[in-house]
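Let's take a walk through this one together, starting with the cysteines and then moving on to charges, strands and the core. Have the model open and follow along.

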Amino acid sequence: MILPQLDTASFDAQLPLLIRQADAQESARALLETRLALAILAAPGDAGDGSAQLQRLEAKLDLSLELALRARTQPGGQLCPCRIGLDSMAWQQAQPLPLGSQWLLSLQTGLDSALTLHLPICIRQCEQHADGWLLRADWSGALPEAVQQNWERWVFRGHRQQVGKRR
């Protein structure tokens, strides 16, 4: 199944996704976790100008964060082909979701990482194909500005990496 093009920069991945209903309190906690995770994911890459001691400290903090996250119960989620954009996302799954319905999407940022991002999404497209359902959702205006800015940095980084691999 071919994922639809998004109207913005995007990148393709196969990541664990979980979609569930969430109340306002759970959504607020999830956005806090997302803000913290994106602060890590969107941080500038190491330019090599930091001291060795600072780099060791950052590595220890990264390891501590990963271990703490792995100790928590992970939401799980099924591995899904997805296209991640600046303000929307498309993915493939086995079940349909009603157009216009609101969900909390949990996206694990990689198979080797426990960092999970949570997005309050609205289903904008749901089409049946021979091998499942193709969904597209957005979260326009639902993320605080700082979270959206870090999300955009992360997406642009993924987009640039994907373009670089094609060359």
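How many disulfides does the structure hold? Zero, in this predicted model. The reason shows up at Cys-80: the closest cysteine sulfur belongs to Cys-82 and sits 7.3 Å away, which is too far for a bond, because a disulfide needs the two sulfur atoms within 2.5 Å. Seen from the other end, Cys-82 is likewise in no disulfide, with the sulfur of Cys-80 as its nearest cysteine partner at 7.3 Å. Neither cysteine sits out in the open: Cys-80 has 5% relative accessibility and counts as buried, and Cys-82, at 1%, is buried too.

On to the charged residues. Side chains of opposite charge can pair when their charged atoms come close. Searching the whole structure turns up three salt bridges. Let's start with Arg-83 and Asp-12, whose closest N and O atoms are 2.6 Å apart. This pair links distant parts of the chain, since Arg-83 belongs to strand β2 (residues 78-85) and Asp-12 to strand β1 (residues 10-20), 71 residues apart. Is Arg-83 buried or exposed? It's buried, with a relative accessible area of 9%, while Asp-12 is partly exposed at 34%.

Next up is Asp-138 with Arg-124, where the closest N and O atoms are 3.1 Å apart. Asp-138 is in strand β6 (residues 132-138) and Arg-124 in strand β5 (residues 116-129), so this salt bridge ties together parts that are 14 residues apart in sequence. Here Asp-138 is the buried partner, with a relative accessible area of 13%, and Arg-124 is partly exposed at 41%.

The remaining salt bridge joins Arg-20 and Glu-26, with 3.2 Å between the closest N and O atoms. Both ends of this pair are partly exposed: Arg-20 has 22% relative accessibility and Glu-26 has 24%.

Now have a look at strand β3, which covers residues 88-93. Ser-88 lies in this strand and is buried, at 7% relative accessibility. What does Ser-88 touch, if we skip residues up to four places away in sequence? The answer is Leu-6, Arg-83, Ala-137, Asp-138 and Trp-139. Two of those names should ring a bell: Arg-83 is the partner of Asp-12 in a salt bridge, and Asp-138 is the partner of Arg-124 in another.

Gln-93 is also part of strand β3. This glutamine counts as buried, with a relative accessible area of 14%. Its side chain makes a polar contact of 2.9 Å with the side chain of Trp-91. Setting aside neighbours within four places in sequence, Gln-93 is in contact with Ile-19, Gly-132, Trp-133 and Leu-135.

Trp-91 leads us to the last stop, the nonpolar core. In soluble globular proteins, nonpolar side chains tend to be buried together. The largest nonpolar core here has 34 residues. Which of them touch the most other members? They are Ile-84, Trp-91, Trp-151 and Trp-154. The elements giving two or more residues to this core include two helices, α1 (24-41) and α3 (145-166). The strands doing so are β1, β2, β3, β4 (102-108), β5 and β6.

Note on methods:
Residues numbered from 1 in each chain as written. Predicted model: local features only at pLDDT ≥ 70, side-chain atom pairs only at ≥ 80, totals over all residues. Heavy atoms only, no water. Buried < 20%, exposed > 50% of the residue type's maximum accessible area, 1.4 Å probe, protein only. Helix = DSSP H or I, 4+ residues; strand = E, 2+ residues; numbered from the N terminus. Polar contact = N/O pair within 3.5 Å; in protein donor to acceptor, adjacent residues only side chain to side chain. Contact = heavy atoms within 4.5 Å. Salt bridge = Lys/Arg side-chain N within 4 Å of Asp/Glu carboxyl O. Core = buried A, V, L, I, M, F, W, Y, C linked by side-chain atoms within 4.5 Å.
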